[in-house]
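Visitor: Hi, I'm new to this one. Could you show it to me and walk me through it?

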Amino acid sequence: MNLTVTGKNLKITDAIKNYLIEKITQTDDSLYKNTSIHFNLFVDKNRHMAEAIIKQKGLTTRAKDQTRNLYLTLDNVLEKVEKQLRKHKSRAHTLLIKKS
């Protein structure tokens, strides 16, 4: 897993990076196997926006969200990404079963 975090109008602290790493490692490890994860974080007045781009072999997943709380925004984005990855994984598994 390769994690990159960039920020616009926001200083990326170790606490933010550690929070993301902790949240990602709590989930199923097979979802983030051999992935490149890039987070873009933005702050505009009272809005915190986050965008996640997950690149795997043959698949690119994106998710965006915005709220007033940075950590809530990160949780929402990770939830969206995990939902998309699980959906893709189950579809691939279903196709594999149908072929055999």
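Visitor: Let me start with a small thing: is lysine 45 buried or exposed?
Guide: Exposed: the relative accessible area of lysine 45 is 78%. Bear in mind that this is a predicted model.

Visitor: Where is lysine 45 found?
Guide: Lysine 45 lies in the loop that links strand 2 and strand 3. Its phi is near 55 degrees, which is a positive value in a residue other than glycine.

Visitor: And what about phi of asparagine 9?
Guide: That phi is positive too, near 60 degrees, and again the residue is one other than glycine. Asparagine 9 has its place in the loop between strand 1 (2-8) and helix 1. With a relative accessible area of 62%, asparagine 9 is exposed.

Visitor: OK, let's zoom out. How many helices and strands does the chain have?
Guide: Two helices and four strands. Reading from the N terminus, the order is β-α-β-β-β-α.

Visitor: What size of box do the C-alpha atoms fill?
Guide: Roughly 55 × 20 × 20 Å, taken along the principal axes.

Visitor: How much of the chain counts as buried?
Guide: 33% of the 100 residues. As for contacts between residues at least 6 apart in sequence, 47% of them join residues at least 24 apart.

Visitor: Now the helices. At what angle do helix 1 and helix 2 pack?
Guide: Helix 1 (residues 14-26) and helix 2 (residues 70-99) pack at about 30 degrees, and their axes are 11 Å apart. Angles under 35 degrees count as roughly parallel, so helix 1 is roughly parallel to helix 2. Their crossing is right-handed.

Visitor: Which residues of helix 1 and helix 2 meet?
Guide: From helix 1 you have Ala15, Ile16, Tyr19, Leu20, Lys23 and Ile24, and they meet Leu70, Tyr71, Leu74, Asp75 and Leu78 of helix 2. Sorted by class, that contact has nine nonpolar residues, two charged ones and no polar ones.

Visitor: What about the largest nonpolar core, how many residues has it?
Guide: It has 21 residues, and those with the most contacts inside it include Leu20, Phe39, Leu74 and Val81. Helix 1, strand 2 (36-44), strand 3 (47-56), strand 4 (59-67) and helix 2 each supply at least two residues of the core.

Visitor: Which of them gives the most?
Guide: Helix 2, with six residues. In general, nonpolar side chains in soluble globular proteins tend to be buried together.

Visitor: Pick one residue from that core. What is valine 77 in contact with?
Guide: Leaving aside neighbours within four places in sequence, valine 77 is in contact with Phe39, Ala50, Ala52, Ala63, Lys64 and Asp65.

Visitor: Switching to charged residues: why does glutamate 82 count as buried?
Guide: Because its relative accessibility is 12%, and buried means under 20%. Glutamate 82 is found in helix 2. Setting aside neighbours within four places in sequence, its contacts are Thr27, Leu31 and Tyr32.

Visitor: And how does glutamate 22 count?
Guide: Glutamate 22 counts as partly exposed, at 45% relative accessibility. This one is found in helix 1. The C-alpha atoms of glutamate 22 and leucine 3 are separated by 12 Å, and the two residues are 19 residues apart along the chain.

Note on methods. Residues are numbered from 1 along each chain as its sequence is written. This is a predicted model: local features need pLDDT of at least 70, side-chain atom pairs count only at pLDDT 80 or more; totals for chains, interfaces and linings use all residues. Side-chain values use heavy atoms; hydrogens and water are left out. Axes are lines fitted to C-alpha atoms, for helices over the stretch in contact, and angles run from 0 to 180 degrees between N-to-C directions. Angles under 35 degrees count as roughly parallel, over 145 as roughly antiparallel, 65 to 115 as roughly perpendicular and the rest as oblique. A crossing is left-handed if the near helix is turned anticlockwise from the far one by less than a right angle, and right-handed if clockwise. Contact means heavy atoms within 4.5 Å. Ala, Val, Leu, Ile, Met, Phe, Trp, Tyr, Cys and Pro count as nonpolar, Asp, Glu, Lys and Arg as charged, and the others, Gly among them, as polar. Buried means under 20% relative accessible area, exposed over 50%, partly exposed in between (1.4 Å probe, protein chains only). A nonpolar core is a set of buried Ala, Val, Leu, Ile, Met, Phe, Trp, Tyr and Cys residues joined through side-chain atoms within 4.5 Å.
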